[in-house]
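Reader: I would like to learn how to read a few features of a structure. Could we take them one at a time?

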2 protein chains.
Amino acid sequence: MNIGKAAEASGVSAKMIRYYEAVDLIPAPVRTQSGYRDYSDRDVHTLRFIQRARSLGFTVEQMRNLLSLWQDRHRASADVRKVAMQHIVDLERKIDELQQMRNTLAHLADHCQNDGRPDCPILEELARAPCAGS
Amino acid sequence: MNIGKAAEASGVSAKMIRYYEAVDLIPAPVRTQSGYRDYSDRDVHTLRFIQRARSLGFTVEQMRNLLSLWQDRHRASADVRKVAMQHIVDLERKIDELQQMRNTLAHLADHCQNDGRPDCPILEELARAPCAGS
DNA sequence: GATAAACCTTGCCACTGTGTCAAGGTCAAG
DNA sequence: CTTGACCTTGACACAGTGGCAAGGTTTATC
C-alpha cells in the first residue's frame, strides 16, 4: 500500500507520515523497486494508534513512550496510566491558563461601552502603567 | 535606553523586542552612534502594552490590530470589543477541545487497573480498529 | 503504444513565539 | 587599560503542519 492509501486508511496525512518517519517515531517502511514507500496493514494500525494519540493531544515524545509500551507485551498498565495522568495534569494546567485569560477578557469586554466612542476599558487595561500603589 | 533596560522595564525579553521589530509590530527605534537600539519611555509603554496582550493570549496579528486601535484616537470601542470577543471565542473553542481530551483520558485512566499487568484500556482505546458497528 | 492525469519522491520554505549560542563590537568600572 | 557585562547580527532549534517545485511512476484512456 503506498503512502496515499496508508494516509487515507489511517487518517494521518502523507506529509505527517513522512514526518513521523523522519523523527523516528515509526520505522522506515520497505520500498517498492521504484522507491515508493510500501505500508502493511500493521503499519496502518500503528498510524491509526498515532492518530488517536495525537487527537488526545499527546506530543510526539509522549507517543514515542506510548508506542513502546503498546508494543511491549510485558508492560505494566500502571506505566501507561502514569503517562496518561501526566498528560491530564498538563492539559489541566493549560485549561486553567486559558480560562484565566478568558475570564479577564470577558470581564473587560463586559465593561466596554461597545459603541462609537473611543473610551475602552480593554485598551486601558492593556496600557495601564504598573504602579506600586495598585 | 538600550534594549536591555527596555526589556527589563517592559517585561519583554530583548530577543522578543528584536523579533517584534523584525515582524513590523513595533517600529525600528533610533540607533546610537555605535549602533545600539535606543528606546524612549513611550516605546517601553508600547512594549508593556504588547506584554499584557501576549499574557492574555493575543497573537502577534491580533496585537497588530489592537496596537493600531490603541494608537487611533478616533477608534470606536466597539471595534476593540470585537477583537476581544473573537479572541474569547477562540479561547473557548480551545478550552473545549482540551477539556474533551482531558475527560476522555480521565475516563480511560479511571478504568485502568493501574498495576503490573499489561491489560490497559488506554492502549486498547488508542489501538481500537474503527468499526462500522460502533 | 502514446499520452495525460494522478500519484509518488526529495528538498526546501513558511508559520508562532521563544530560547540558545557564537563571533565580534562597545561601554563602564576598576 | 583591562575585564566583564552588555550590545550587534546571524544562525539553529523546537512542534507540527502546510505548501510548492522539479522530477520520476503508475494507471487509465484513447
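**Reading contacts, symmetry and ring pairs**

Author: Start with a contact to DNA: the side chain of A:Tyr36 has an N or O atom 2.7 Å from a base nitrogen of DNA strand D. Keep in mind that this is a predicted model.

Reader: Which group of DNA strand D lies 2.7 Å from a polar side-chain atom of B:Arg37?

Author: A phosphate oxygen of DNA strand D. B:Asn2 also has a side-chain N or O atom 2.7 Å from a phosphate oxygen of this strand.

Reader: How many residues surround DNA strand D, and which are the closest?

Author: There are 19 of them, and the closest are A:Lys15, A:Ser34, A:Tyr36, B:Gly4 and B:Arg37. On the DNA side, 69% of the strand D atoms that come within 4 Å of the protein belong to sugar and phosphate.

Reader: What is the make-up of the surface near DNA strand D by class?

Author: Seven residues are nonpolar, six are polar and six are charged.

Reader: Which helix gives the largest share of that surface?

Author: Helix 2 of chain A, with four residues. At least two residues each come from that helix (14-22) and, in chain B, from helix 1 (3-10) and helix 2 (14-22).

Reader: Next, symmetry. What turn and shift lay chain B on chain A?

Author: A turn of 180° with a shift of 0.0 Å along the axis, which gives an RMSD of 0.2 Å. This is how a two-fold axis relates copies. In chain B, the residue that comes closest to the rotation axis is B:Ile95, with its C-alpha at 2.8 Å.

Reader: Why can one say that the copies meet through the same surface?

Author: Because 100% of the interface residues of chain B are interface residues in chain A as well.

Reader: Last, ring pairs. What describes a pair of aromatic rings?

Author: The distance of the centres and the angle of the planes. Over all chains the count is four aromatic pairs. For A:Phe49 and A:Trp70 the ring centres are 4.2 Å apart and the planes are at 15°, so this pair is stacked. It links distant parts of chain A: A:Phe49 is in helix 3 (residues 41-55) and A:Trp70 in helix 4 (residues 60-71), 21 residues apart.

Reader: Are A:Phe49 and A:Trp70 buried or exposed?

Author: Both A:Phe49 and A:Trp70 are buried. Compare the aromatic pair of B:Tyr19 and B:Tyr20, which is tilted, with 5.8 Å from centre to centre and 55° between the planes. B:Tyr19 is partly exposed, at a relative accessible area of 38%, whereas B:Tyr20 is buried, at 5%.

Terms used. Residues numbered from 1 in each chain as written. Chains lettered and ligands numbered in written order. Predicted model: local features only at pLDDT ≥ 70, side-chain atom pairs only at ≥ 80, totals over all residues. Heavy atoms only, no water. Least-squares fit on C-alpha atoms with pLDDT ≥ 70 in both. Contact = heavy atoms within 4.5 Å. Phe/Tyr/Trp six-rings, centres within 6.5 Å; stacked < 30°, edge-to-face > 60°. Buried < 20%, exposed > 50% of the residue type's maximum accessible area, 1.4 Å probe, protein only. Near = heavy atom within 4 Å. Polar contact = N/O pair within 3.5 Å; in protein donor to acceptor, adjacent residues only side chain to side chain. Nonpolar A, V, L, I, M, F, W, Y, C, P; charged D, E, K, R; others polar.
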